[in-house]
Structures are given as C-alpha cells and as structure tokens.
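Open the structure in your viewer and keep the selection tool ready. We will take the helices pair by pair.

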Amino acid sequence: DGILINQDVATQVPLHPVAVGGFFGLIIHALDLVPIGSTDGGRMSQAVLGRVWHLTFSSVVFAVLFFTSFTSDSGLLLGFLLIYSLTQRDMEIPCRNEIDKVELPRA
C-alpha cells in the first residue's frame with residue numbers, strides 16, 4: 001500500500017519548481033545535441049565527419065525526425081524542427097584551414 005505502487009493515474013505528483021526547471025533544461029540541452037545544422041551536436045558531427053558528410057548526415061537525421069514527429073504523440077519534435085528551420089538559416093562560415101590536423105601550436 002505504498003504511494004508509488006498503488007497510485008491512481010489521475011493523481012498529481014507535487015514537484016518543486018526547481019525540479020520542473022531542471023527537467024526543461026534537460027530537454028533543451030538534449031535537443032541541442034541533435035546533430036543537425038549549427039547546433040552543438042551539428043558542430044560535433046561536422047568535426048568528426050567533415051563538412052560534406054555532415055551535410056548528408058544532417059539531412060538524413062532531419063528527415064527521420066520530421067517523419068517520426070508525425071507518428072509520435074508529442075509535438076515536441078515537430079516544434080523543435082519548426083523553430084530550428086526558421087532560426088538556423090545562416091550558412092556556416094568555413095574555417096580557414098579544415099585540412100591540416102590540429103596540433104598544439106595551432107590550438
């Protein structure tokens with residue numbers, strides 16, 4: 001007869017506002033790590049894959065997220081993709097030298 005085992009589905013669980021803010025921060029940072037465009041995840045995938053493969057991989061991930069957003073119950077993915085499409089339109093400024101390996105004097 002514990003509160004966690006026999007709890008009614010309609011019963012609300014009281015949460016502290018800091019816990020709610022932490023949850024929203026976790027969701028925002030998780031969406032920022034999606035490897036598309038110029039998000040943090042996109043910059044990581046560009047560093048690992050290179051510019052050409054990053055654009056290909058980013059397009060595939062965007063298409064998968066777009067079609068997945070219609071099958072999920074939550075509109076979070078579709079909202080993220082809509083906001084991303086409207087705000088991240090700028091082209092990435094290329095580095096001066098993307099070919100040489102980064103060594104200690106250049107870092």
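Is the crossing of α3 and α4 left-handed or right-handed? Keep that in mind while you set up the view. Remember that this model is predicted.

**Stop 1: α3 and α4**

Select residues 76-87 to show helix α4. Add residues 51-71, which form helix α3. α3 and α4 pack at an angle of about 135°. Their axes lie 8 Å apart. An angle of about 135° falls outside 65 to 115 and is not over 145, so α3 and α4 count as oblique to each other. Now for the handedness: α3 and α4 cross in a left-handed way.

Next, show the side chains at the contact. On α3, pick Phe62, Leu65, Phe66, Thr68, Ser69 and Phe70. On α4, pick Leu77, Leu78, Leu81, Tyr84 and Ser85. Colour this α3 and α4 contact by residue type: eight are nonpolar, three are polar and none is charged.

**Stop 2: α2 and α3**

Hide α4 and keep α3. Select residues 40-49, helix α2. What is the angle between α2 and α3, and how far apart are their axes? The angle is about 135°, and the axes are 7 Å apart. α2 and α3 are therefore oblique to each other. The crossing of α2 past α3 is right-handed.

Which residues make the contact? From α2, choose Gly42, Ser45, Gln46 and Leu49. From α3, choose Arg51, Trp53, His54 and Phe57. Colour by type again: the contact of α2 with α3 has three nonpolar residues, four polar ones and one charged.

Terms used:
Residues numbered from 1 in each chain as written. Predicted model: local features only at pLDDT ≥ 70, side-chain atom pairs only at ≥ 80, totals over all residues. Heavy atoms only, no water. Axes fitted to C-alpha atoms, helices over the stretch in contact; angles between N-to-C directions. Helix = DSSP H or I, 4+ residues; strand = E, 2+ residues; numbered from the N terminus. Parallel < 35°, antiparallel > 145°, perpendicular 65-115°, else oblique. Left-handed = near helix turned anticlockwise from the far one by under 90°. Contact = heavy atoms within 4.5 Å. Nonpolar A, V, L, I, M, F, W, Y, C, P; charged D, E, K, R; others polar.
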